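Reader: I'd like a close look at one part of this protein, with the rest sketched in around it. Here is what I have on my screen.

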Amino acid sequence: MDRPSSNHEQAFPLVMNRPRMSVVPSKKLAGIPFVCECLHCMATMTKEATVSVRLTAREKSGLDADARMKGIPSGTAAAGYIAEGVRRSRFPAIEFRDGQPGRVAYLVGSRWPVWMIVELVRELDGEMAKAVKLIRKPAALVRMALAYADAYPQEIKDSAALASRRDYAGMKQEIPELEQL
């Protein structure tokens, strides 16, 4: 079993630097540990249940190739895709795309990551009508993105935190030789 990480963001410096346990000490008074449910952590943590899946040779070959490209075991890749599929069945207006950290939740058919929709609604003081107008998608889809964010708050928080470090100043801290043109 992997050692616990004292800071969840440490689990995401580079997605290829895996395996850290996704249990983060709770900040609650009760001291109950928090288990991250983001797709990255779900795919890398020890599972409590096993599922056997039959794949065609072509599907298995594709899974193996994808896992090799990502530098992870095939079982970990399969677990990530299953977790993603379960989430998509619960939230059909959400799709996942490769990004940092790992697979990122987006509003289907748009360039809007869910974390950015949450930030936009927050900036607009919760006024959904304004957000819907700016996003140019039906209100039902925006509401589903917000419902997804409510169901997986740590994933959204981590994606937003990572994006906030992607401005020039944040990148300069990580890459001192970076120059601005």
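Which residues of the largest nonpolar core touch the most other members?

Author: A word on the ground rules before the core. This is a predicted model, where local features need pLDDT of at least 70 and side-chain atom pairs count only at pLDDT 80 or more, while totals for chains, interfaces and linings use all residues. Residues are numbered from 1 along each chain as its sequence is written, and side-chain values use heavy atoms, with hydrogens and water left out.

Now your question. The residues that touch the most other members are Ile94, Val114, Ile117, Tyr148 and Ile156, out of 24 residues in the largest nonpolar core. A nonpolar core here means a set of buried Ala, Val, Leu, Ile, Met, Phe, Trp, Tyr and Cys residues joined through side-chain atoms within 4.5 Å. As for "buried", that is under 20% relative accessible area, with exposed over 50% and partly exposed in between (1.4 Å probe, protein chains only). In soluble globular proteins, nonpolar side chains tend to be buried together.

Where do those residues come from? At least two core residues each are supplied by β3 (94–98), β4 (103–107), α4 (114–123), α5 (128–135), α6 (139–151) and α7 (153–164). Helix α4 gives the most, with 6 residues. The helices (H or I, at least four residues) and strands (E, at least two) are DSSP runs, numbered from the N terminus.

Take Tyr148 as your way in. Leaving out residues up to four places away in sequence, Tyr148 touches Arg87, Phe91, Ile94, Phe96, Ala105, Val114, Glu155 and Ile156. A contact means heavy atoms within 4.5 Å. Among those partners, Ile94, Val114 and Ile156 are also on the list of core residues that touch the most other members.

Strand β3 spans 94–98, and there is some charge pairing to see there too. Arg97 forms a salt bridge with Glu95, their closest N and O atoms being 2.4 Å apart; the term covers a side-chain nitrogen of Lys or Arg within 4 Å of a carboxyl oxygen of Asp or Glu. Glu95 counts as buried at 18% relative accessibility, whereas Arg97 is partly exposed at 25%. Asp98 pairs with Arg103, with 3.1 Å between the closest N and O atoms. Asp98 is exposed at 54%, while Arg103 is partly exposed at 23%. Add Glu84 and you have a network of salt bridges linking Glu84, Asp98 and Arg103.

Away from the core, have a look at α2 (57–70). Asp66 and Lys70 meet there through a side-chain salt bridge of 3.3 Å, N to O. Because the two sit 4 residues apart in this helix, they are separated by about one helical turn. Asp66 is buried at 15% relative accessible area, and Lys70 is buried as well, at 16%. The whole structure has 8 salt bridges.

Just ahead of that helix, Leu55 lies in the loop between α1 (39–44) and α2. Leu55 is partly exposed, at 41%, and touches Lys60 and Leu63, again not counting residues up to four places away.

Finally, the big picture. The chain has 8 helices and 4 strands, running β-β-α-α-α-β-β-α-α-α-α-α along the sequence. Of its 181 residues, 36% count as buried. Among contacts with a separation of 6 or more, 45% join residues 24 or more positions apart.
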